[in-house]
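Work through the exercises below with the sequence and the structure at hand. Each task is followed by a solution in steps.

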Amino acid sequence: MLNDLLAMVWTWQHADPSANQQYQGDFNRALAAIQARTLVMPCDTDQYFTLAESQIESALIPAAELRILHSAFGHCAGAPGPGARDG
């Protein structure tokens, strides 16, 4: 479990799509180059990945759609967690 957490933290710290020779740190240009249809689903109370950041980032991705989750559960809003029922 600890290694899972460490891997997740490493990903957060190194997940800059502009940190390469092609984009040379130009984050906006890197996001603008994304061609995949993209669904961005932030929770309006998430304190890790804020709604404001998601709005900015989704606006930079040409085929992105922003769908906001309204929930008091913040960062965990999209995960059903233990006890969730199928269907």
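Buried means under 20% relative accessible area, exposed means over 50%, and partly exposed lies in between. The model used in these exercises is predicted.

**Exercise 1. Classify Leu2 as buried or exposed, and name the surface patch that holds this residue.**

Step 1. Locate the residue: Leu2 belongs to helix α1, which covers residues 2-14.

Step 2. Apply the cut-off. Leu2 has a relative accessibility of 57%, so it counts as exposed.

Step 3. Look at the patch. Leu2 forms a nonpolar surface patch with Leu5, Leu6, Met8, Trp12, Tyr48 and Phe49. Together these residues have about 750 Å² of accessible area.

**Exercise 2. Describe the order of the elements and the overall dimensions of the protein.**

Step 1. Count the elements: the protein has 3 helices and 2 strands.

Step 2. Put them in order. Starting at the N terminus, the elements run α-α-β-α-β.

Step 3. Compare with the globule rule. The radius of gyration is 15 Å, well over the 12 Å that the rule gives for 87 residues, so the protein is more spread out than a compact globule.

Step 4. Give the box: along the principal axes, the C-alpha atoms fill roughly 45 × 30 × 25 Å.

Step 5. Turn to the surface. The protein exposes about 7000 Å², and carbon and sulfur atoms supply 57% of this area. Of the 87 residues, 15% count as buried.

Step 6. Consider the contacts with a separation of 6 or more. Residues 24 or more positions apart account for 61% of them.

**Exercise 3. Find out whether Ser18 is buried or exposed, and list the residues that Ser18 touches.**

Step 1. Place the residue: Ser18 sits in the loop between α1 and α2, the latter spanning 27-32.

Step 2. Apply the cut-off. The relative accessibility of Ser18 is 1%, which is why this residue counts as buried.

Step 3. List the contacts. With residues up to four places away in sequence not counted, Ser18 touches Tyr23, Gln24, Gly25, Asp26, Phe27 and Ala30.

Step 4. Follow one of these contacts further. The side chain of Asp26 meets that of Arg29 in a salt bridge, at 3.8 Å from N to O. Asp26 counts as partly exposed because its relative accessibility is 34%. Arg29 is also partly exposed, with a relative accessible area of 40%.

**Exercise 4. Determine the surroundings of Val40 and the separation of its C-alpha atom from that of Ala30.**

Step 1. Place the residue: Val40 is part of strand β1, residues 38-40.

Step 2. Check the burial. Val40 has 17% relative accessibility and therefore counts as buried.

Step 3. Read the distance. Val40 and Ala30 are 10 residues apart along the chain, and their C-alpha atoms are separated by 16 Å.

Step 4. List the contacts. Leaving aside neighbours within four places in sequence, Val40 is in contact with Ser54, Ser58, Glu65, Leu66 and Arg67.

Step 5. Examine the charged residues in that list. The side chains of Glu65 and Arg67 meet in a salt bridge, at 2.7 Å from N to O. Glu65, at 39% relative accessibility, counts as partly exposed. Arg67 counts as partly exposed as well, at 42%.

Step 6. Set this beside the total: a search of the whole structure finds 2 salt bridges.

**Exercise 5. Decide how many disulfides there are, and classify Cys43 and Cys76 as buried or exposed.**

Step 1. State the cut-off: a disulfide needs a pair of cysteine sulfur atoms within 2.5 Å.

Step 2. Count by this rule. The result is 0 disulfides.

Step 3. Check the cysteine distance. Cys43 is in no disulfide, and its nearest cysteine sulfur, that of Cys76, is 9.4 Å away. Cys76 likewise is in no disulfide.

Step 4. Classify each cysteine. Cys43 has a relative accessibility of 3% and so counts as buried. Cys76 has a relative accessibility of 51% and so counts as exposed.

Step 5. Add a residue in contact with Cys43. Ser71 lies in the segment after β2, which spans 64-66. Apart from neighbours within four places in sequence, Ser71 is in contact with Cys43, Asp44, Thr45 and Ala77. Ser71 counts as buried because its relative accessibility is 18%.

Methods: Residues are numbered from 1 along each chain as its sequence is written. This is a predicted model: local features need pLDDT of at least 70, side-chain atom pairs count only at pLDDT 80 or more; totals for chains, interfaces and linings use all residues. Side-chain values use heavy atoms; hydrogens and water are left out. Patches are made of residues with over 30% relative accessible area and no salt bridge: like charges are joined within 9 Å, nonpolar side chains (Val, Leu, Ile, Met, Phe, Trp, Tyr) within 5 Å. Accessible areas come from the Shrake-Rupley method with a 1.4 Å probe; for residues, only the protein chains shown count as cover. A salt bridge is a side-chain nitrogen of Lys or Arg within 4 Å of a carboxyl oxygen of Asp or Glu. Helices (H or I, at least four residues) and strands (E, at least two) are DSSP runs, numbered from the N terminus. Buried means under 20% relative accessible area, exposed over 50%, partly exposed in between (1.4 Å probe, protein chains only). Contact means heavy atoms within 4.5 Å. The radius of gyration is taken over C-alpha atoms; the globule rule is 2.2 Å times the number of residues to the power 0.38.
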